[in-house]
There are 14 protein chains.
Amino acid sequence: MDMISSTTFIALVSIIMAGITTGFGTMGPALAEGKAVSSALMALAQQPDASATITRTLFVGLAMIESTAIYCFVVSMILLYANPFWNLAIEQLVGK
Amino acid sequence: MDMISSTTFIALVSIIMAGITTGFGTMGPALAEGKAVSSALMALAQQPDASATITRTLFVGLAMIESTAIYCFVVSMILLYANPFWNLAIEQLVGK
Amino acid sequence: MDMISSTTFIALVSIIMAGITTGFGTMGPALAEGKAVSSALMALAQQPDASATITRTLFVGLAMIESTAIYCFVVSMILLYANPFWNLAIEQLVGK
Amino acid sequence: MDMISSTTFIALVSIIMAGITTGFGTMGPALAEGKAVSSALMALAQQPDASATITRTLFVGLAMIESTAIYCFVVSMILLYANPFWNLAIEQLVGK
Amino acid sequence: MDMISSTTFIALVSIIMAGITTGFGTMGPALAEGKAVSSALMALAQQPDASATITRTLFVGLAMIESTAIYCFVVSMILLYANPFWNLAIEQLVGK
Amino acid sequence: MDMISSTTFIALVSIIMAGITTGFGTMGPALAEGKAVSSALMALAQQPDASATITRTLFVGLAMIESTAIYCFVVSMILLYANPFWNLAIEQLVGK
Amino acid sequence: MDMISSTTFIALVSIIMAGITTGFGTMGPALAEGKAVSSALMALAQQPDASATITRTLFVGLAMIESTAIYCFVVSMILLYANPFWNLAIEQLVGK
Amino acid sequence: MDMISSTTFIALVSIIMAGITTGFGTMGPALAEGKAVSSALMALAQQPDASATITRTLFVGLAMIESTAIYCFVVSMILLYANPFWNLAIEQLVGK
Amino acid sequence: MDMISSTTFIALVSIIMAGITTGFGTMGPALAEGKAVSSALMALAQQPDASATITRTLFVGLAMIESTAIYCFVVSMILLYANPFWNLAIEQLVGK
Amino acid sequence: MDMISSTTFIALVSIIMAGITTGFGTMGPALAEGKAVSSALMALAQQPDASATITRTLFVGLAMIESTAIYCFVVSMILLYANPFWNLAIEQLVGK
Amino acid sequence: MDMISSTTFIALVSIIMAGITTGFGTMGPALAEGKAVSSALMALAQQPDASATITRTLFVGLAMIESTAIYCFVVSMILLYANPFWNLAIEQLVGK
Amino acid sequence: MDMISSTTFIALVSIIMAGITTGFGTMGPALAEGKAVSSALMALAQQPDASATITRTLFVGLAMIESTAIYCFVVSMILLYANPFWNLAIEQLVGK
Amino acid sequence: MDMISSTTFIALVSIIMAGITTGFGTMGPALAEGKAVSSALMALAQQPDASATITRTLFVGLAMIESTAIYCFVVSMILLYANPFWNLAIEQLVGK
Amino acid sequence: MDMISSTTFIALVSIIMAGITTGFGTMGPALAEGKAVSSALMALAQQPDASATITRTLFVGLAMIESTAIYCFVVSMILLYANPFWNLAIEQLVGK
C-alpha cells in the first residue's frame with residue numbers, strides 16, 4: 001500500500017467516524033433529555049409550588065446529559081480538524 | 001490508488017455520511033421533542049394555571065434537544081461544504 | 001478509476017443517500033408528531049377549557065419537530081440539485 | 001466502466017431507492033396517523049361535547065404527519081421521473 | 001456490460017422492489033388501521049351514544065392511513081407496468 | 001449474460017419476491033386483525049347492548065385491513081402468473 | 001449458465017421460499033389468533049352472559065386471521081406443486 | 001453444474017428449510033398458545049362458574065393456533081419425504 | 001463436486017440444522033410454558049378453591065405447547081438418525 | 001475435498017453447534033423459569049395459605065420447562081460424543 | 001487441507017465457542033435470577049411473615065435457573081479441556 | 001497454513017473472545033443486579049421494618065447473579081493466561 | 001504486509017474504535033442519567049420536603065453513571081493520543 | 001504470513017477489542033445503575049425516614065454493578081498494556 005492510499009484511507013475513516021460518532025452518539029443524549037424534560041413538566045404539573053427546585057435539578061441534569069453529547073461532538077471535531085494520524089500522514093506525504 | 005480515485009472516494013463517503021448523519025441523527029431529537037411536547041400538553045391539561053412555567057420549561061428543553069439535532073446538521077454541512085480532507089485533495093489534484 | 005466511473009459513483013451514492021435520508025429521516029419526526037397530536041387530543045378531552053393554550057403549544061411543538069424532518073428533506077434536495085461534489089465532477093468531465 | 005453500465009447503474013439505484021423511500025418512509029407516518037386517530041377516538045369517547053375542537057386538531061395534525069409521507073412520495077417520483085443524474089446520463093448516451 | 005444484461009438487471013430490481021414496496025410498505029398501514037379500529041371499538045363500548053361521530057372520524061382516519069398503503073401499491077404498479085427506465089431500455093434493445 | 005441466464009434470473013427473483021411479499025406482507029394485517037378482533041371482544045364484554053354497532057364497525061375495519069393483505073397477495077400472483085418482464089423474456093427466448 | 005443449472009436454481013429457490021413463506025408467514029397469524037382467543041376468554045370471564053355473541057365474533061375473527069395464514073400456505077403449495085417457472089423449465093429440459 | 005452437484009444442492013436446501021420451517025415456524029404458535037392458556041387460567045380464576053364455556057373456547061382456539069404449527073410441520077415433512085424436486089432429480093440421476 | 005464432498009456437505013448441514021432446530025425451536029415453547037405456569041400460579045393465588053380446574057387446564061395447555069417443542073426435537077432426531085438424503089448418499093458412496 | 005478436510009469440517013460444525021445449541025437454547029428456559037419462580041413468589045406473598053398447591057404446581061411447571069433445556073443439552077452431548085456423522089467419517093479415515 | 005491447518009481450525013472454533021457459550025449463555029440465567037430475586041424482595045415487602053416459605057422457594061428456583069448457566073459453563077470447559085475432536089486431532093498430529 | 005500463522009490465529013481469536021466474553025457477558029448480570037437492587041430499594045420503602053430480611057435476601061441474590069458474571073470473567077482470563085491451545089502451539093513453535 | 005500498510009491499519013482501526021467507543025459507549029450512560037434525573041424530578045414533585053436528600057443521592061448516582069461514560073472517553077483518548085501499538089509502529093517506521 | 005503481519009494483526013484486534021469491550025460493556029452497568037438510582041430516589045420520596053437504610057443499600061448495589069463495568073475496563077487495559085500475546089510477538093520480532 002503506497003503513501004497516497006494510506007493517506008486516503010485515513011481521510012475516509014475519519015470522515016465516516018466523524019459522521020457516525022455525532023449522528024448516532026447524539027441519539028442517546030437526545031432521548032435522555034426528552035425523558036428528563038418530560039418528567040420535569042409532569043413534576044411541574046403535579047407540584048407547581050416546587051418549580052424552583054425542579055427547574056434547578058432539571059438544568060443540572062440536562063448539563064450532565066449534554067456533556068455526553070459533547071464528548072461525541074468533540075471526538076468528531078478532533079477527527080476532522082485535529083486528527084493526529086492524519087497530521088503525521090500529511091507530514092510524511094509532503095516530506096516525501 | 002491514483003489521485004482521482006482518492007478524490008472520488010473522499011467525495012463518496014462525504015455524501016454518504018452527510019446523509020446518514022442528518023437522516024439518522026435527527027431521529028433521536030425528533031422522538032425526544034415529541035415526548036417533551038406530549039408531556040407539556042398533558043401537564044397543561046392537568047394544571048392549566050401553571051401554563052407560564054410549563055411553557056418556559058418546555059422551550060428551554062426543546063432548545064437543549066434541538067441542539068443535538070443541530071450538531072448533526074452542522075457535521076453534515078461541514079462534510080458537504082467545509083470538508084478539510086476534500087479541500088486538501090482538490091488542492092493536490094489541481095496542483096498536479 | 002477513470003473520470004466516468006468516478007462521476008457515476010458520485011451520482012449513485014447521491015441518489016441512494018437522497019432516498020435514505022428522506023425515507024428514514026422522516027420516520028422519527030412522523031412518530032414524534034403522532035405522539036404530540038395524540039397527547040394534544042387527550043389533553044383536549046381532559047381539559048376542553050384550555051384548548052387555546054393546548055393548541056398553541058401543539059403548533060409550536062409540531063413546528064420544532066417538523067424542522068428536523070425538513071433538515072432531512074433539505075439534505076436530500078442538496079444531494080440531488082446542489083451537490084458540490086457532483087458539480088465539480090461534471091465540470092471536470094466537460095472540461096476534459 | 002463504459003457509458004451503458006453507468007446509465008444502467010443509475011437506473012438500478014433509482015428504482016431501488018424509489019421503492020425503499022416510499023415503502024419504508026410511509027411506515028412512520030402510517031403508524032403516527034394510526035396513533036393520532038386512535039387518540040382522537042378515545043378523546044371523543046371521553047368528551048363528546050368537544051368533538052368540534054378534537055376533530056379540527058386531528059385534521060391539522062394528520063395534515064402535518066401526512067406531509068412527511070408526501071416528502072417521501074415526492075422524492076420517489078423525482079427519482080423516477082425527474083432524476084437529474086439520469087437526464088444527464090441519457091443526454092450523454094444519446095449524444096455519444 | 002452489454003444491453004441484454006442491462007435490461008435484465010432493470011427487470012430484476014423492478015420485480016424485487018415491487019415486491020418489497022408492497023410487502024413491507026403495507027405493514028405500517030395495516031398495524032395503524034388495526035390500532036385505529038381497535039380504539040374505535042373501545043370508544044364505542046365506552047360511549048355508545050357518540051357512535052355517529054366516532055364512526056365518521058374513524059372512516060376519515062382510515063382513509064388517510066389507507067392513502068399511505070396506496071402510495072406503496074401505486075409505486076409497485078408503476079415499477080411493474082409504467083417503469084420509465086424499462087421502457088427506455090426496451091426501446092434501445094428493440095432498436096438495436 | 002446470455003438469454004437463458006437472463007430468463008432464469010427473472011424466474012428466480014419472481015419466485016423469491018412472490019414468497020416474501022405474501023409471507024411477510026401478511027404479518028402486519030394478521031396482527032392488526034388480531035388487535036381489532038381482540039378489542040371488539042373486549043368492547044362486547046364491556047357494552048353487550050352495543051353489539052350491533054360494534055360488530056358492524058369491526059367488519060368494516062377488518063375489510064379495510066384485509067385489503068392491505070390482498071394487495072400483497074395480488075402482487076404475488078402478478079409476479080407468478082402475469083409477470084410482464086417474464087412474458088417479454090419468454091417471447092424473446094422463443095423467438096430466438 | 002446451462003439448462004441444468006437453471007433448472008436446479010429454480011428448484012432451490014422454490015424449496016427455500018416454500019419453507020420461508022410458511023415458516024415465517026404463519027407467525028403473524030398465530031400470534032394474532034393467540035391474542036384474539038386470549039381476549040375472548042377474558043371477555044367471557046367478564047361477561048359470561050354474552051357468550052353467544054362473543055363466541056360468534058371470535059369465530060368470524062379467527063376465520064379472517066386464518067385466511068392470511070392460508071394465503072401463505074397456498075403460495076407455498078403453488079411453489080412446490082404448481083410452479084409455472086418450474087413447469088416451463090422442465091418442458092425445455094425434456095424437450096432439449 | 002453437473003447432475004451430482006445439482007442433486008446435492010437440492011438435498012442441502014431441503015434439509016436446511018425443513019429445520020428452519022419447523023424450528024422458527026413453531027415459535028409463533030407456541031407463544032400464542034402460551035398466551036391463550038395464560039388467559040384461560042386468569043379467566044378461570046376470575047369466573048370459576050364459567051369454566052365449561054372457557055374450556056370449550058380455549059380448546060377451539062388452541063386447535064386453530066395449532067393448525068398453523070401443523071402447516072409448518074407438514075411443509076417440513078413434505079421437504080424431507082415427498083419433495084417433488086428431489087424425486088425428479090433422483091429419477092434423472094438414476095436414469096442417467 | 002465429487003461424491004465425498006457431496007456426502008460431507010449433507011452431513012454438515014444436517015448437524016447445523018439439528019442444532020438450530022432444537023436450540024432455537026425450544027425457545028418459544030419454553031417462554032410460552034413459563035407464561036402459562038406463571039398465570040396458573042397467579043390464578044391459584046387469586047382463587048385457591050378452583051385449583052382442580054386450574055391445574056387440569058394448565059396440564060392440557062402445557063401438553064399442547066410441549067407438542068411444538070417435540071416437533072422440533074423430532075425433526076432434529078430425524079436429521080441426525082433417519083435422514084433420507086444422507087441414507088441415499090451413503091448407499092451411493094458405499095456402492096461406488 | 002479430501003477425507004481429512006471432510007472429517008475436519010464435521011468436527012468444526014459439531015463444536016460450533018454444540019456451543020450454540022446449549023448457549024442460546026438455555027436462554028429461553030432460563031427466562032421462563034425466572035418468570036415462573038417470580039410468579040410463584042408473588043402468589044405466595046398474596047396467598048400464603050395455598051403454599052402447598054403453589055409449590056407443587058411450580059415444581060411441575062419447572063420440570064416441564066427444564067425439559068426443553070435438557071433437549072438442547074442432549075443434542076449438544078450427542079453432537080460431541082455420539083455424533084453419527086463423525087463416527088462414520090472416523091471409520092472411513094481409519095479404514096482408509 | 002493439511003493436518004496442521006485442521007488442528008488449528010479445531011482449536012480456533014473451540015476457543016470461539018467456549019467464549020460465546022459462556023458469554024451469551026449466562027445472559028438468560030442472569031436476567032432470570034434478577035427477576036426471581038426482584039420478585040422475592042417484593043414478596044417479602046408485601047408479606048414479611050411468609051419469609052421462610054419465600055426464601056425456600058427462591059433458593060429452589062435459583063438453583064433450577066443456575067443449572068442452565070452451569071450447562072453453558074460445562075460445555076465451555078469441555079470445549080477447552082476435554083474436547084474429543086481436539087484430542088483425536090492431537091493424537092494424529094503426534095502420531096504422524 | 002504454517003506454524004506461525006496457526007499460532008497467530010489462535011492469539012487473535014483468544015483476544016477477540018476474551019473481549020467479547022467479558023464485554024457482552026457482563027451485560028446480563030449488570031442489568032439483573034440493577035433490577036434486584038431496584039426492587040430491594042422499593043421493598044425497603046414499602047416495608048422498612050423488614051430491612052434485615054430484605055438486605056440478606058438481596059445479598060444472596062446478588063452473589064448468585066455475580067457468579068454468572070464471574071464465569072464470563074474466568075473464561076476471559078483462561079483465554080488470555082491459561083489457554084491450553086496456545087500453550088501447545090507455543091511449545092511446538094519453540095520446539096520446532 | 002510491509003511496514004507502511006501495518007502502520008496505516010493501526011491508524012485506521014484506532015480512528016474507528018475511538019469513534020465507536022465514544023459514540024456508542026455514551027448512549028447507555030446518557031439514557032441512564034436521563035432515567036435518574038427523571039426519577040429525581042418525580043420524587044421532588046412527590047416529596048418536596050426531602051429535596052436535600054434527593055438532590056444529594058441524585059448527584060452521587062450521576063457521578064457513578066458518568067464514570068462509565070468517562071471510561072469510554074478515556075479509552076478513545078488513549079487510542080488517539082497514547083496508543084502503545086501506534087507508538088511502537090512509528091518508532092519502527094522512523095528507525096527503519 | 002510473516003512475523004510483521006502477525007504482529008500487526010495482534011495489535012489491530014487488541015485495539016478493536018479494547019474499544020468494544022469498554023464501549024459496549026459499560027452500557028449494561030450504566031443502565032443498571034440508572035435503574036438503581038432511579039428506584040432509590042423513588043424510595044426516598046415514598047419513605048424519607050428510611051433514607052439511611054436506602055442510601056446504604058444503594059451504595060452496596062452500585063458497587064456490585066460498577067464491578068462488572070470495571071471487569072470490562074480491566075480487560076481493555078490488559079489488552080492495551082499487558083497483552084501476553086503482544087509481548088510474546090514483540091519479543092520474537094525483536095529477537096528475530
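Reader: What percentage of the 96 residues in chain A is buried?
Author: In this predicted model, buried residues account for 65% of the 96 in chain A. Buried means under 20% relative accessible area, exposed over 50%, and partly exposed in between, with a 1.4 Å probe and protein chains only.

Reader: Which conventions apply to the numbering and the filtering?
Author: Residues are numbered from 1 along each chain as its sequence is written, while chains are lettered from A and ligands numbered from 1 in the order in which they are written. Local features need pLDDT of at least 70, side-chain atom pairs count only at pLDDT 80 or more, and totals for chains, interfaces and linings use all residues, with side-chain values based on heavy atoms and with hydrogens and water left out.

Reader: How many helices and strands does chain A have?
Author: Chain A has four helices and zero strands, and its pattern along the sequence is α-α-α-α. Helices (H or I, at least four residues) and strands (E, at least two) are DSSP runs, numbered from the N terminus.

Reader: What radius of gyration does chain A have?
Author: The value for chain A is 21 Å, whereas a compact globule of 96 residues would have one near 12 Å. The radius is taken over C-alpha atoms, and the globule rule is 2.2 Å times the number of residues to the power 0.38. The C-alpha trace spans about 70 × 20 × 10 Å along the principal axes of chain A.

Reader: What does UniProt list for chain A at residues 16–79?
Author: An unreviewed UniProt entry gives "domain: V-ATPase proteolipid subunit C-like" for residues 16–79 of chain A. That stretch of chain A is 92% helix and 0% strand, with its end C-alpha atoms 10 Å apart. The unreviewed entry also places a "transmembrane region" at residues 58–82 of chain A; there the chain is 96% helix and 0% strand, and the end C-alpha atoms are 34 Å apart. UniProt positions are given in the numbering used here, feature names are shortened, and annotations may be inferred rather than shown by experiment.

Reader: Turning to the interface, how many residues of chain A are in contact with chain B?
Author: In chain A, 45 residues are in contact with 46 residues of chain B, where contact means heavy atoms within 4.5 Å. The two chains bury about 3,900 Å² between them, 80% of it on carbon and sulfur atoms. A:I15, A:L41 and A:A45 lose the most area to chain B, together 15% of what the chain A side buries. Buried area is the accessible area (1.4 Å probe) that two parts lose on being put together, summed over both.

Reader: What turn lays chain A on chain B?
Author: A turn of 26° with a shift of 0.0 Å along the axis does so, at an RMSD of 0.0 Å. The copies use different surfaces, as 20% of the contact residues of chain A recur in chain B. Copies are superposed by least squares on the C-alpha atoms of residues with pLDDT of at least 70 in both.

Reader: How far apart are the closest C-alpha atoms of chain A and chain H?
Author: They lie 32 Å apart, and no contact joins chain A and chain H. Chain B and chain H do not touch either, with nearest C-alpha atoms 30 Å apart.

Reader: Is B:E66 buried or exposed?
Author: B:E66 is buried, with a relative accessible area of 7%. B:E66 lies in helix α3 (residues 51–81) of chain B. Not counting residues up to four places away in sequence, B:E66 touches B:E33, C:M64, C:S67, C:T68 and C:Y71.
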